[in-house]
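Subject: Handing over the structure

Hello,

Here is the structure I promised to pass on to you. Please open it beside this email and follow along as you read.

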Amino acid sequence: MNFNVATLPANISANEDWAAATSDMAVVLDGATVRTDTGCTHGPAWYARKLGGAIIGGAGDQSRELADILADAIAEVADMHRSTCDLTHPGTPSAALAIVRVEDDQVRYAVLGDVTIVAEVDGDVRTVSDQRISLTATAERKLADQHPIGSPEKSKAMIAMKHAELAARNVEGGYWIAAADPSAARHAITGSWPAASVRDFAVLTDGAARCVDTFKSLTWPGLLGALRTTGPQFILDYVRQIERHDDRGLRFPRNKASDDATIVYATPARSEPAPVNSLHGSCASSRTTSRRSSSPSLPGG
Ligand SMILES: [Zn+2]
């Protein structure tokens, strides 16, 4: 596979998103924002990085199910800080994630939490996303959406929302996410597509997917089309541009003006190498036509 990875932190704070691609796999994590005590000295960026590394380490074995690999990775990271941190704390670090593994004849995926996979399969654009968290703390979320970003009322409402979310985390009837309990992996949304039917796919954290599901500036097919021509960094810049025009969330109510945002875009490797002549041609033209790209602008933006 060819993978193109782009990630942008929301601001000067540590990026709590984490992404990696190997020859046959993409792994994307979004460490959950901390708004309460956690019982952990490490934090969500550490958690996402360690969990991502453990998933990559285990997922290379294609005979194993992705949910089993995820369960083992959650247990492995729990063991890394069990002696220093209180893993029974309701605010213990957690992360939403998606794993996509390209096997000989299947593209296999697992999603836990609100990371989105969008793929063109047999000419149709399909999305896989776990939005169970948005069905929790609905009253608190609605109240938080009524206040502008940066106001004391918003901050207070967001803390109330976080407490309500945490009460529904990794319990029956609530939502499931990678934290300290490996059994959450059983609740991942899993599936596969025949590899030959997949034209391309992208994996997005919610900070990037907001260009479709919050701002509605692009459709999912439009996003995939834009990724083919511009690449993921351009889309992230485009998201930031929209956010700057609505930095208090008055037009598009949301928790944060900007969120950490990550996109991995994947296309199957070409089965035949490009002719050497065409390579010479593109090198020559790049020397003569190289220029800075202009500001992001897409139809409908
Ligand atoms: Zn810890």
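Below is a short walk through what was found in it.

**Confidence**

Please keep in mind that this is a predicted model. The protein chain has a mean pLDDT of 90, and 89% of its residues reach 70 or more. Residues 281-294 are the stretch to treat with care: the pLDDT there is below 50, and in the model this stretch makes 0 contacts beyond near neighbours in sequence.

**The five-stranded sheet**

A good place to begin is the open sheet, which 5 strands form in the order E1-E10-E9-E6-E7, with antiparallel pairing. Its edges are strand E1, residues 2-8, and strand E7, residues 124-129, each of which pairs on one side only. From one strand to the next, the twist averages 15 degrees.

Helix H7, made of residues 232-244, packs on this sheet. The helix touches E1 and strand E10 (261-267), and its direction makes about 25 degrees with that of E1.

Within the sheet, have a look at strand E6 (residues 116-121) and strand E9 (residues 198-204), which are joined by 6 bridges in the antiparallel sense. If you would like one pair to find on screen, try Val118, whose bridge partner in E9 is Ala202.

**Strand E3 and its partners**

Next, please turn to strand E3, residues 25-31. How many of its residues are buried? The count is 7 of 7, so to speak of E3 as mostly covered is fair. Met25, Val27, Leu29 and Gly31 point one way from the strand, while Ala26, Val28 and Asp30 point the other way, and all are buried.

E3 pairs with strand E2 (residues 17-21), running antiparallel to it over 5 bridges. The two strands form a hairpin with 3 residues between them. In this pairing, Asp17 has Asp30 of E3 as its bridge partner.

E3 also pairs with strand E4, residues 95-102, here over 7 bridges and again in the antiparallel sense. Val28 stands opposite Ala98 in E4.

**The nonpolar cores**

The largest nonpolar core has 73 residues. Which of them touch the most other members? They are Leu51, Leu70, Ile99, Leu112 and Val264.

Leu70 is a handy one to select. Setting aside neighbours within four places in sequence, Leu70 is in contact with Ile55, Ile99, Ala110, Leu112, Ala178, Ala185 and Ala188. Another core, of 5 residues, lies apart from the largest one; among its members are Ala137, Ala144, Met158 and Met161.

**Two residues with positive phi**

Finally, here are two backbone details for you to look up. Asp122 is not a glycine, yet it has a positive phi of about 50 degrees. You will find Asp122 in the loop between E6 and E7. Is Asp122 buried or exposed? Asp122 counts as exposed because 11 other C-beta atoms lie within 10 Å, and the cut-off for exposed is 12 or fewer.

Lys216 also has a positive phi, of about 55 degrees, although it is not a glycine. Lys216 sits in the loop between helix H5 (206-213) and helix H6 (220-230). With 11 other C-beta atoms within 10 Å, Lys216 is exposed.

Enjoy exploring the model, and do write back with any questions.

Best wishes

Definitions and conventions
Residues numbered from 1 in each chain as written. Predicted model: local features only at pLDDT ≥ 70, side-chain atom pairs only at ≥ 80, totals over all residues. pLDDT = per-residue confidence, 0-100. Contact = placed C-beta atoms within 7 Å. Pairing = 2+ DSSP bridges. Helix = DSSP H or I, 4+ residues; strand = E, 2+ residues; numbered from the N terminus. Axes fitted to C-alpha atoms, helices over the stretch in contact; angles between N-to-C directions. Buried ≥ 20, exposed ≤ 12 C-beta atoms within 10 Å, placed from the backbone. Core = buried A, V, L, I, M, F, W, Y, C linked by C-beta atoms within 7 Å.
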